[in-house]
Amino acid sequence: MKDITTFSFESKKNTVLVSHGRPPWYGANGLRTGDAFVVAVAGGSASGKTHVARQIVKTLGSIPTVIILSQDSFYKFHTPDELVLAHANMLDFDHPDAIDMPMFAACLADLKACKQSNIPIYSFSEHQRLRDTKYLYGATVIITEGIMALHDPALRELYDLKVFVQCDSDLMLARRIQRDLKERGREVGGILDQYLRFVKPSYDNFVRPTSSFADIIVPGSNNAVAIELICTHIRRQLADRASRFRQKIAIPHRYLLGTETCDVRVEDLNLTVLPQTRQVQGILTILRSKDTSRQDFIFFADRLSTILVECALQHLSYIPNTVVTPVGAKYTGKKLDSDSVCGVSILRSGGVLERGFRRSINNVPIGSVLVQSDVSTGEPLLLHAMLPAAVRFRHLAEHAWVFVLDSQIGTGAAAFMAIRILLDHGVRQDRIVFVTFLVALAGGVSVLRKAFPEVKIVCAAVDEEMREGWLDGYKGETNPEGVGRRLWVMQPGMGHIGDRYYL
Amino acid sequence: MASTSTNPSAAQAARQANTSTHLGALPSSVYTLPQTAQLEALYTIIRDKETSRGDFLFYSDRIIRLLVEEGLNHLPVVNRTIETPTGATYDGVGFEGKICGVSILRAGEAMEAGLREVCRSVRIGKILIQRDEETALPKLFYSKFPPDIAKRYVLLLDPMLATGGSAMKAVEVLMEHGVPEERIIFINLISAPEGLKTFCGKYPNVRVITGWVDQGLNEKAFIIPGLGDFGERRYCT
């Protein structure tokens with residue numbers, strides 16, 4: 001988590017900022033409730049666009065994830081001839097044709113639709129687009145900035161708010177000289193030559209005219225009032241899009257149906273429940289007992305997770321494969337019909353299943369998501385997502401099998417979020433296998449099942465009840481008023497599995 | 001010795017469901033793992049002569065763990081009621097009876113790591129049996145057991161059951177040490193039908209847990225298709 005007030009904006013133009021986590025961007029039906037909010041900031045070179053973007057983020061204060069996307073990333077790949085011109089300051093970077101507008105629009109459209117995007121990286125020192133890309137995902141607010149931000153009609157279609165930063169030409173020139181001398185190590189002669197040849201005509205011909213598309217014209221300096229107005233608008237838009245439903249799904253029969261009896265049947269949930277062999281029953285008894293030592297808890301949790309993952313692996317598809325054995329005999333057996341299997345554990349308690357997962361799949365990549373409850377609302381907040389490469393790239397995600405690990409499905413809030421993240425990345429629903437120790441029958445699993453009918457859920461046992469309780473808040477940095485919140489405990493359950501395994 | 005009324009074994013259910021597979025009629029004391037596509041894929045990897053030693057270790061360990069888990073399901077349990085950290089009472093079961101492993105040297109030792117992953121710090125006895133060059137019969141060269149072995153359930157480990165000669169000798173030695181036949185559970189990865197028939201004919205009360213039943217033996221008494229010499233592939237190549 002980066003603190004907004006201390007974050008350095010100078011370092012990179014493309015920035016991901018997280019202040020207090022991302023609230024659900026989907027409803028109880030599993031579908032997205034809305035797009036990310038996109039703000040475009042256009043204006044002449046050195047008019048103060050980055051400053052305005054920065055001020056918007058600062059003024060928004062406690063906001064969910066924000067991505068600042070710079071037009072500079074989308075300069076085209078240059079041919080060797082163009083490269084020579086570029087190094088001689090003779091290439092026109094201020095013409096709309098210098099920018100890969102279709103790619104810019106495609107990346108922005110993905111981010112706006114809450115998908116991942118792997119945007120190009122442009123190196124100013126090499127004057128070239130690099131081979132690497134930068135992975136971006138999970139913004140609630142996206143700010144795009146660049147001189148041509150309002151030029152392309154396809155891009156304009158994607159914006160929710162269009163801002164143009166208006167500034168005097170001589171002021172822009174003065175700032176430009178200062179910046180290029182200091183940051184880009186150029187000479188004054190070269191800077192002026194480039195300005196008169198490209199920058200000024202471009203501003204007059206392509207940039208200034210786009211101010212007519214703007215919703216708001218912001219002055220290039222002394223613009224605090226304008227920024228406050230913009231932020232008020234964004235905050236109101238975000239409040240309208242907030243989705244709160246954890247309480248409703250925690251005990252669905254009580255909050256959605258208004259009855260005190262749970263009529264969910266295990267067979268309707270399409271769960272894969274581990275065969276209740278003597279050993280599995282014995283292990284579950286040990287894990288449930290409050291008198292079990294930490295040492296025993298860890299050992300038997302590892303053993304149960306191994307059995308569970310072995311059982312879950314049956315959900316993968318296998319194809320015929322013929323091999324020759326060392327005694328020279330031919331054998332037609334099977335092999336896994338995929339070379340892309342990975343895991344995502346929901347921290348902290350999903351980590352409890354990681355050892356079993358690693359024991360069963362050799363060298364498997366395991367990503368993680370950190371989901372915590374908002375202290376005041378109890379809603380889940382996504383604080384961190386580190387996903388395996390096989391999920392980060394959409395074309396790979398479409399072929400990947402992803403095992404989601406968590407120790408239990410109680411309210412289902414974290415499971416909901418993890419599955420939504422994977423679907424956002426393009427993972428197929430029927431290739432998501434959720435592996436967990438316990439599922440609460442009366443908890444969120446029935447809503448989860450309705451929302452994601454094809455996800456496979458593998459568990460060791462199904463518990464009947466969800467007991468409702470109240471967690472007293474304590475005053476702290478994140479909770480200045482010390483507000484308490486409702487919480488739910490699975491019965492009979494295993495207690496707090498993460499604590500018992502780690503603390 | 002008490003036990004719950006629930007189905008003691010996943011393999012039993014699998015056996016009933018698998019009557020149409022390659023297994024045919026097996027002696028009633030033989031239990032195979034559920035013959036899933038996944039298990040078949042594991043066997044395909046360890047059978048392949050091109051498989052690296054690292055992969056052979058990883059995937060044979062996976063099968064061994066499954067076999068040991070299945071073997072342990074034949075041990076008794078008693079009803080046990082406990083309290084959970086949330087204050088609820090839960091009617092579960094507790095494990096009953098002491099166990100020990102006995103590995104037939106040298107290939108059987110390869111199964112010890114898998115055994116200890118499932119049964120933490122379990123005691124392990126050893127037996128060395130080799131073919132007597134004069135009589136061509138299996139002969140006991142060495143054995144070392146925990147002193148109270150007669151009171152324990154014994155998991156007898158040998159990865160391959162070909163003719164069954166050394167396994168039968170091992171059972172004979174265990175019984176001489178006072179272990180009752182019905183307390184011996186013999187665990188192996190691959191069996192030949194001929195060996196199973198001989199072994200189970202002689203010791204019908206020893207339970208045999210096997211991962212896969214192969215076609216049969218060739219003229220040199222190697223299992224076909226088999227996986228070659230398990231100990232050799234595990235330790236040497």
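Here are a few friendly notes on one strand of chain A and on the contact between chains A and B in this predicted model.

1. A good place to start is strand β6 of chain A, residues 141-145, where five of five residues are buried. In a regular strand, side chains alternate between the two faces of the sheet. Here A:Val141, A:Ile143 and A:Glu145 lie on one side and A:Ile142 and A:Thr144 on the other, and both faces are covered.

2. Next, look at the neighbours of β6(A). Strand β2 of chain A (residues 37-43) runs parallel to β6(A) and is joined to it by five bridges; A:Ala40 has A:Thr144 as its bridge partner. Strand β3 of chain A (residues 66-70) is also parallel to β6(A), again with five bridges, and there A:Ile67 stands opposite A:Ile142.

3. Turning to the interface, 54 residues of chain B are in contact with 52 residues of chain A. About 4,400 Å² is buried between the two chains, with carbon and sulfur atoms giving 58% of that area. On the chain B side, B:Thr86, B:Phe95 and B:Arg120 supply 15% of what chain B buries against chain A, more than any other three residues.

4. For polar chemistry, there are five salt bridges between chain B and chain A. One to inspect joins the side chains of B:Arg120 and A:Asp296, at 2.7 Å from N to O. Across the interface, 24 residue pairs are in polar contact.

5. Several elements of chain B give two or more residues to the side touching chain A, including α2 (37-47), β3 (89-95) and α4 (112-118). Helix α3(B) gives the most, with eight residues. By type, this side of chain B divides into 25 nonpolar, 15 polar and 14 charged residues.

Notes:
Residues numbered from 1 in each chain as written. Chains lettered and ligands numbered in written order. Predicted model: local features only at pLDDT ≥ 70, side-chain atom pairs only at ≥ 80, totals over all residues. Heavy atoms only, no water. Buried < 20%, exposed > 50% of the residue type's maximum accessible area, 1.4 Å probe, protein only. Helix = DSSP H or I, 4+ residues; strand = E, 2+ residues; numbered from the N terminus. Pairing = 2+ DSSP bridges. Contact = heavy atoms within 4.5 Å. Buried area = accessible area lost by both parts, 1.4 Å probe. Salt bridge = Lys/Arg side-chain N within 4 Å of Asp/Glu carboxyl O. Polar contact = N/O pair within 3.5 Å; in protein donor to acceptor, adjacent residues only side chain to side chain. Nonpolar A, V, L, I, M, F, W, Y, C, P; charged D, E, K, R; others polar.
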